[in-house]
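Here are my notes on the model you sent, set out as numbered points. They follow the charged pairs, then the metal site and its surroundings.

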Amino acid sequence: MSNFVWCHGPSCHKSHTQDRIRGVKGSKVLRTKKVTQDKWNSGERTSMYSYFCSQGCYNDFANTYVREVIALHPRTEALETPINVTKEQARDWSGRDYMETKIIAVDNNGG
Ligand SMILES: [Zn+2]
C-alpha cells in the first residue's frame, strides 16, 4: 500500500499523457496523477515535489493561486542582510588585473 497525495496542479488532469488514462473503453478519463510520498520528498525533505508531479503543475498552481499564497506570507517591508564590502586586486582568466568587489555577510548574532 503506497502513501501518496494527488498532484495539486489545477490542470494536471488535462495533460494528454498515457499515464493519466483511466477507465474502460467508452468511459475513459484523464486523471490527476498521484505523487508518491517517499523518503526523497517527505519529512525533512518536504518540498514542492511532495505535492506536484512536475514543475509545470507547480507553475500552474503558483500562477493560479499566487494572490492567496502571498496573502498567507505578505512581505510588507524589505529585508536586509548586514554585509561588509571590500575591493581586492584580482586577475581574470586572460591575465588582466581588475578590482574585485567582495561582499561578505556579517553575522550580528554571534553565530
Ligand atoms: Zn500534475
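1. D97 has a relative accessible area of 47%, which makes D97 partly exposed. In this predicted model, D97 pairs with R91 in a salt bridge whose closest N and O atoms are 2.8 Å apart. The partner, R91, counts as exposed, at 59% relative accessibility.

2. A second charged pair is formed by E88 and K102, with 3.9 Å between the closest N and O atoms. The cut-off for a salt bridge is 4 Å, so a pair at 3.9 Å is still counted. E88 belongs to strand β5 (residues 83–91) and K102 to strand β6 (residues 97–105), so this salt bridge ties together parts that are 14 residues apart in sequence. Both side chains have some access to the surface: E88 is partly exposed at 36% relative accessibility, and K102 is partly exposed at 30%.

3. The loop between β5 and β6 contains S94. With a relative accessibility of 42%, S94 is classed as partly exposed. Its side chain makes a polar contact of 2.9 Å with the side chain of D92. What separates S94 from G23 in space? Their C-alpha atoms are 64 Å apart, and the two residues are 71 positions apart along the chain.

4. How many salt bridges does the whole structure hold? The search finds four. One of them joins the side chains of D19 and K33, at 2.9 Å from N to O. D19 sits in the loop between β1 and β2, and K33 in the loop between β3 (29–30) and β4, so the pair links parts that are 14 residues apart in sequence. D19 is partly exposed at 39% relative accessibility; K33, at 24%, is also partly exposed.

5. R20 deserves a separate point. R20 lies in the loop between β1 and β2. Is R20 buried or exposed? R20 is buried, yet has no salt bridge. Side chains of opposite charge can pair when their charged atoms come close. For R20 the nearest side chain of opposite charge is that of D19, 4.1 Å away; the cut-off is 4 Å, so R20 and D19 are not counted as a salt bridge. The side chain of R20 does have a polar contact of 2.7 Å with the side chain of T17.

6. With neighbours within four places in sequence left aside, R20 is in contact with C12, S15, V29, L30, R31, K33, C53 and C57. Among these, C12, C53 and C57 are also donors of the zinc ion, and K33 is the salt-bridge partner of D19.

7. Which protein atoms hold the zinc ion as donors? They are the SG atoms of C7, C12, C53 and C57, lying 2.3 Å from the metal. The angles among the four donor atoms run from 106 to 115 degrees, and the site is tetrahedral. Ideal tetrahedral angles at a metal are 109.5 degrees.

8. The spacing of the donor residues in sequence is C-x4-C-x40-C-x3-C. C12 comes from the loop between β1 (4–6) and β2 (21–22), and C53 from the loop between β4 (34–36) and α1 (55–72), so this pair ties together parts that are 41 residues apart in sequence. C12 is buried at 0% relative accessibility, whereas C53 is partly exposed at 25%.

Notes. Residues are numbered from 1 along each chain as its sequence is written. This is a predicted model: local features need pLDDT of at least 70, side-chain atom pairs count only at pLDDT 80 or more; totals for chains, interfaces and linings use all residues. Side-chain values use heavy atoms; hydrogens and water are left out. Donors are N, O and S atoms within 2.8 Å of the metal (3.2 Å for Na, K and Ca); water is not among the atoms, so sites may look incomplete. Four donors count as tetrahedral if all angles lie between 85 and 135 degrees; four count as square planar and six as octahedral if opposite donors are over 155 degrees apart and all others between 65 and 115; anything else is irregular. Helices (H or I, at least four residues) and strands (E, at least two) are DSSP runs, numbered from the N terminus. Buried means under 20% relative accessible area, exposed over 50%, partly exposed in between (1.4 Å probe, protein chains only). Lys and Arg count as positive and Asp and Glu as negative; His and the chain ends are not counted. A polar contact is a pair of N or O atoms within 3.5 Å; within protein, one must be able to donate a hydrogen and the other to accept it, and residues adjacent in sequence count only if both atoms are side-chain atoms. Contact means heavy atoms within 4.5 Å.
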